[in-house]
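Biologist: I should like to learn how the features of a structural model are to be read. May we take them one at a time?

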Amino acid sequence: MTETIDPILPKNVSVLAEEVLNSAERKEFRLATAESCTGGLLAALLTDVSGLSHVFERGFVTYSDQAKCEMLGCDSREIEHCGAVSREVALAMARGGLAKSEADLIVSITGFAGPGKADDEEGLVHFACLDRNGLENHEERHFGTVGRDGVRLAALEVALTMMNNALR
């Protein structure tokens, strides 16, 4: 008897990932991610669709501030001044990832999945989506105290939606 395994991700997130990959393939775009609070979940999702994973160029998992600086070229003074979870750092992560890859489109995610320090707003996430044609989009979301998994799943959906919109 074969045991059925429940899908890990909600169906809408998986469908959205497939839409992004199909759109990227049609446009002949390569994709990249620069992730902090999602820890590489988006990159894993974009390589999970059989026959379309070739569209994904690379993923950067930069959980620490040091990794953001070393791997993406973020300025440590900017992180110190603005905070790692900010519009400025989300944009810097995306710019750095685009510069250090062969991708045509990148999305970055930086946030507090929670719980964190007293000053950290659990559920606050910043996103940036950039392409080589000059598109630059930022979104700030306040998901609230929905738990680490809740924040990460919500962040995946926002990031994929941003990518999908950019590919239209």
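Modeller: Let us begin with contacts: two residues touch when they have heavy atoms within 4.5 Å. Please keep in mind throughout that this is a predicted model.

Biologist: Which residues does Thr 38 touch, not counting residues up to four places away in sequence?

Modeller: Leaving out residues up to four places away in sequence, Thr 38 has contacts with Ile 109, Arg 152 and Ala 155. Its place is in the loop that runs between β1 (31-35) and α2 (41-46).

Biologist: Is Thr 38 buried or exposed?

Modeller: A residue counts as buried under 20% relative accessible area. Thr 38 has a relative accessible area of 0%, and is therefore buried.

Biologist: How does one read a nonpolar core, and which residues touch the most other members of the largest one?

Modeller: The general idea is a set of buried nonpolar residues joined through side-chain atoms within 4.5 Å. Here the largest nonpolar core has 34 residues, of which Leu 31, Leu 46 and Leu 160 touch the most other members. Two or more residues each come from α1 (11-27), α2, β3 (105-111), β4 (124-131) and α6 (147-166). The largest share, 9 residues, is given by α6. Another core, of 18 residues, lies apart from this one and includes Leu 72, Ile 79, Ala 84 and Leu 98.

Biologist: What does Leu 46 touch, again not counting residues up to four places away in sequence?

Modeller: The contacts of Leu 46 include Ala 17, Val 20 and Leu 21, as well as Phe 56, Leu 160 and Met 163. Thr 33 and Ser 53 are also among them.

Biologist: How should the packing of α1 and α6 be described?

Modeller: One considers the helix axes, their angle and the sense of the crossing. The axes of α1 and α6 come within 9 Å and cross at roughly 25 degrees. Because angles under 35 degrees count as roughly parallel, α1 is roughly parallel to α6. The crossing in which α1 passes α6 is left-handed. Among the residues of α1 that meet α6 are Leu 16, Ala 17, Val 20 and Ser 23; on the side of α6, the residues include Leu 160, Met 163 and Asn 164.

Biologist: Where does Ser 23 lie, and what does it touch?

Modeller: Ser 23 belongs to helix α1. Its relative accessibility is 11%, so Ser 23 counts as buried. Not counting residues up to four places away in sequence, Ser 23 touches Asn 164 and Leu 167.

Biologist: Beyond that helix, what is the phi of Glu 28?

Modeller: Glu 28 has a positive phi of about 60 degrees, although it is not a glycine. This residue is found in the loop between α1 and β1, and at 70% relative accessibility Glu 28 counts as exposed.

Biologist: How many disulfides does the structure hold?

Modeller: A disulfide requires two cysteine sulfur atoms within 2.5 Å. The structure holds 0 disulfides. For Cys 69, the nearest cysteine sulfur is that of Cys 74, 6.0 Å away.

Biologist: Why is there no bond between the sulfur of Cys 74 and that of Cys 69?

Modeller: The two sulfurs are not bonded because 6.0 Å is too far for a bond. As for accessibility, Cys 69 is partly exposed at 22%, whereas Cys 74 is buried at 7%.

Biologist: Where does Cys 82 lie?

Modeller: Cys 82 lies in helix α4 (residues 76-82) and, at 29% relative accessibility, counts as partly exposed. Its C-alpha atom is separated by 17 Å from that of Gly 116, the two residues being 34 residues apart along the chain.

Definitions and conventions. Residues are numbered from 1 along each chain as its sequence is written. This is a predicted model: local features need pLDDT of at least 70, side-chain atom pairs count only at pLDDT 80 or more; totals for chains, interfaces and linings use all residues. Side-chain values use heavy atoms; hydrogens and water are left out. Helices (H or I, at least four residues) and strands (E, at least two) are DSSP runs, numbered from the N terminus. Buried means under 20% relative accessible area, exposed over 50%, partly exposed in between (1.4 Å probe, protein chains only). Axes are lines fitted to C-alpha atoms, for helices over the stretch in contact, and angles run from 0 to 180 degrees between N-to-C directions. Angles under 35 degrees count as roughly parallel, over 145 as roughly antiparallel, 65 to 115 as roughly perpendicular and the rest as oblique. A crossing is left-handed if the near helix is turned anticlockwise from the far one by less than a right angle, and right-handed if clockwise.
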